[in-house]
Amino acid sequence: TDAVGVCRKLPSGDGVKLQHWCVPTCTEDAECTGLHVRSTCDTDTGWCMLNHPYPLNMSSARALGHAVPAENGDVVLMGGFTRDGDDRLVASDWSFERFNAATGLFDQMKIHLPDYPGHGLTGVAHTAPGKVAYVGGARSVKVDVSGSGGSLALDFAGLNEEDGNLSGKVLLFNTSDGSGTVTSGAMEPVALPAVLNHSDGVLLVIGGWVDEGGTMVRSDSVNRCTYDEDDRVDCSSLTALSTGRAGAAVLCLGAEGCEQVLVLGGNDASGAVAEIIVPGDPSSSPVELTPEELPAAISWPALCGDALVSGSGSAAGVGALDVVELDVISGTLKVTALSDDGGHGSTLGASVAQAADGSCYISGGLRPNGGLSSSIVHSVDGGLEPAAYDLKFGRFGAASAVISSGPLAGSVLVAGGLRLSNDGERAVMVHGAEILRP
């Protein structure tokens, strides 16, 4: 038992999964709220519980949000949709939650911005140690599912069906204490933008889904957002992409700083799969890149360093996509296949958590055959390790991060996400979190 009275049963066997933890004993609810505002006392066991009967769990379901490491080693869950409602996924105002690395519990994350509602499909970027930019998003969405197997397709629908559903706000958030500053109307309301911390005090917000005359379209906008020492944000149009993109991946290029930016995927097949923009020269035209080794469109791409480790080789559905290393040489995108002896390949909607050594853990996702992955694959320099760890519950659209302090330092937290319903016609919430101890 440690100083805060939490006892732990450590993993047994192969050590892949945490078996269970126990928490302080109790006789009434009031003895538990100090652990978590939603914790209650289960009188049968005498334990403080979250989502009975699990002593370790999130306070609610959560999908299509983010998990960001805090400076003290905790993990903060940011945004996402927290409940199903009338065939829509809906974000609640309870949009931030912290996994406490010292106690192994999900603590209340006090947000000192009571007028700031929760959103899913946001863009996120670290701006400084302990500070995160949280951009745009939607209050609710319909995840339309069509087809099956290799023809399975997903669509984020209904984003503009309700007034005020899309957000044009920028939140600069301190992960240590939940304080922050919101700038409303900073830009056109947008869902699923790519956000890049370009330089000191400068963010780039790239693409996303926007409402254009009642129709949701992929935006070709690149906004330059500056913030001062008081975290007041001012955004202006910087340039236009060669094609509209939503949910693109972005990568800084240049020996020093971020002289150029590679923007990858998030497109439909009518535009180039990748392009290079030069933020320092807004008058320059984007350089379109169409390497033969990549499909014409990539949806939901995710990077581990300069490696493309997750995504789909299709504009809207599951599609084969190799795990590759990306390198831009003299304006040409060089694509090199990485080792994948286990045949894992890329999955759509996987969560990617980067460790301190630069390697990444890729969790879940939808396979090119439409099946749901329950694997956690370790991506290291050179490719994917042949052996994979197993999640208890397969999921896509989850949030994950590496815990960097406490007794679980180096472990991977995989939180929430979605799965397909038994009839395969809709996406439903996956409740709870899992911890991998590599």
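User: Hi! How much area does the chain expose, and what share of it do carbon and sulfur atoms supply?
Analyst: The chain exposes about 17900 Å², and 46% of that comes from carbon and sulfur atoms. Accessible areas here come from the Shrake-Rupley method with a 1.4 Å probe. This is a predicted model, where local features need pLDDT of at least 70, side-chain atom pairs count only at pLDDT 80 or more, and totals for chains, interfaces and linings use all residues. Residues are numbered from 1 along each chain as its sequence is written, and side-chain values use heavy atoms, with hydrogens and water left out.

User: What percentage of the residues count as buried?
Analyst: Of the 438 residues, 55% count as buried, meaning under 20% relative accessible area (1.4 Å probe, protein chains only).

User: Switching topic, how many helices and strands are there?
Analyst: The chain has 0 helices and 40 strands. These are DSSP runs, numbered from the N terminus: helices are H or I with at least four residues, strands E with at least two.

User: What volume does the largest cavity have?
Analyst: About 90 Å³. A cavity is a set of points on a 1 Å grid over the protein atoms alone where a 1.4 Å probe fits but cannot get out, and lining residues have an atom within 4 Å of a point. The volume is the space filled by probe spheres set on the points, which are joined across faces, edges and corners.

User: Which residues are closest to its centre?
Analyst: Of its 13 lining residues, Gly-345, Thr-347, Ile-362, Gly-364 and Val-377. The elements giving two or more residues to that lining are β32 (360-363) and β33 (375-380).

Conventions: 1 Å grid on protein atoms, 1.4 Å probe; cavity = no way out; pocket = protein on both sides within 12 Å on 5 of 7 lines; lining within 4 Å. Buried < 20%, exposed > 50% of the residue type's maximum accessible area, 1.4 Å probe, protein only.
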